[in-house]
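Work through the following exercises with the coordinates open beside you, and try each task before reading its solution.

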Amino acid sequence: QVQLVESGAGLVQPGGSLRLSCAASGSISSIVVMGWYRQAPGKQRERVGIITSGGKLSYVDSVKGRFTISRDNAKSTVYLQMSNLKPEDTAVYYCYAAKLVGGVLGDFWGQGTQVTVSS
């Protein structure tokens with residue numbers, strides 16, 4: 001099992017910045033992807049961005065140029081640096097990890113952390 005713990009929730013004004021952290025623990029070997037999803041009220045959960053074990057990054061179009069995913073392998077932590085935040089970025093943000101378990105890809109989720117962008 002993999003445990004994911006997010007931190008960095010907050011209220012920020014439009015145009016501001018915020019950094020989320022996700023610390024992974026447990027059986028973290030064979031994690032092939034980590035990243036972030038978000039879910040706004042009344043909307044489906046959407047993928048914000050991911051980073052593969054090989055370091056490949058991908059982002060949803062709406063955050064490109066504003067959000068950056070990075071990782072610290074020594075701390076088993078993934079970060080989401082968010083800049084130029086907009087009210088439409090308001091959502092619960094979830095850390096995500098995909099791990100090979102017996103040859104099958106298993107999904108693991110954090111508990112979610114609230115980001116509110118408002119003046």
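A residue counts as buried under 20% relative accessible area, as exposed over 50%, and as partly exposed in between, with a 1.4 Å probe and protein chains only. Helices (H or I, at least four residues) and strands (E, at least two) are DSSP runs, numbered from the N terminus. The model is a predicted one, in which local features need pLDDT of at least 70 and side-chain atom pairs count only at pLDDT 80 or more, while totals for chains, interfaces and linings use all residues. Residues are numbered from 1 along each chain as its sequence is written, and side-chain values use heavy atoms, with hydrogens and water left out.

**Exercise 1. Determine how strand β4 is enclosed and which strands it pairs with.**

Step 1. Strand β4 covers residues 31-39, and seven of its nine residues are buried, so the strand is largely enclosed by the rest of the structure.

Step 2. Two strands pair if DSSP finds at least two bridges between them. By this criterion β4 pairs with β9 in the antiparallel sense over eight bridges, and V33 stands opposite A98 in β9.

Step 3. The pairing of β4 with strand β5 (residues 46-52) is likewise antiparallel and runs over six bridges, where Y37 has R47 in β5 as its bridge partner. These two strands form a hairpin with six residues between them, and G42 in the turn has a positive phi of about 75°.

**Exercise 2. Locate the disulfide and describe its geometry and surroundings.**

Step 1. Taking a disulfide as a pair of cysteine sulfur atoms within 2.5 Å, the structure holds one, which joins C22 to C95 with an S to S distance of 1.9 Å.

Step 2. The link is left-handed, with -80° about the S-S bond. It connects distant parts of the chain, since C22 lies in strand β3 (residues 18-26) and C95 in strand β9 (residues 91-101), 73 residues apart.

Step 3. C22 is buried at a relative accessible area of 0%, and C95 is buried with a value of 0%.

**Exercise 3. Trace the open sheet that contains β3 and identify its edges.**

Step 1. Four strands form this open sheet in the order β1-β3-β8-β7, with antiparallel pairing.

Step 2. β1 (2-7) and β7 (67-72) stand at the edges with a single partner strand each, so one side of each is left without a neighbour in the sheet.

Step 3. Six bridges join β1 to β3, and the bridge partner of Q3 in β3 is S25.

**Exercise 4. Analyse the aromatic pair of Y96 and W109, and the rings over which R45 lies.**

Step 1. Rings of Phe, Tyr and Trp (its six-membered ring) pair if their centres lie within 6.5 Å, and planes under 30 degrees apart count as stacked, over 60 as edge-to-face and the rest as tilted. The ring centres of Y96 and W109 are 4.9 Å apart and their planes stand at 50°, so this pair is tilted.

Step 2. Y96 is buried, with a relative accessible area of 10%, whereas W109 is partly exposed at 34%. Ring pairs link Y37, Y96 and W109 into a cluster.

Step 3. A charge sits over a ring if NZ of Lys or CZ of Arg is within 6 Å of the ring centre and within 35 degrees of the ring normal. R45 lies over the face of Y94 at 3.8 Å from the ring centre, and over the face of W109 at 4.7 Å from the ring centre.

Step 4. Y94 lies in strand β9 and counts as buried at 14% relative accessibility.
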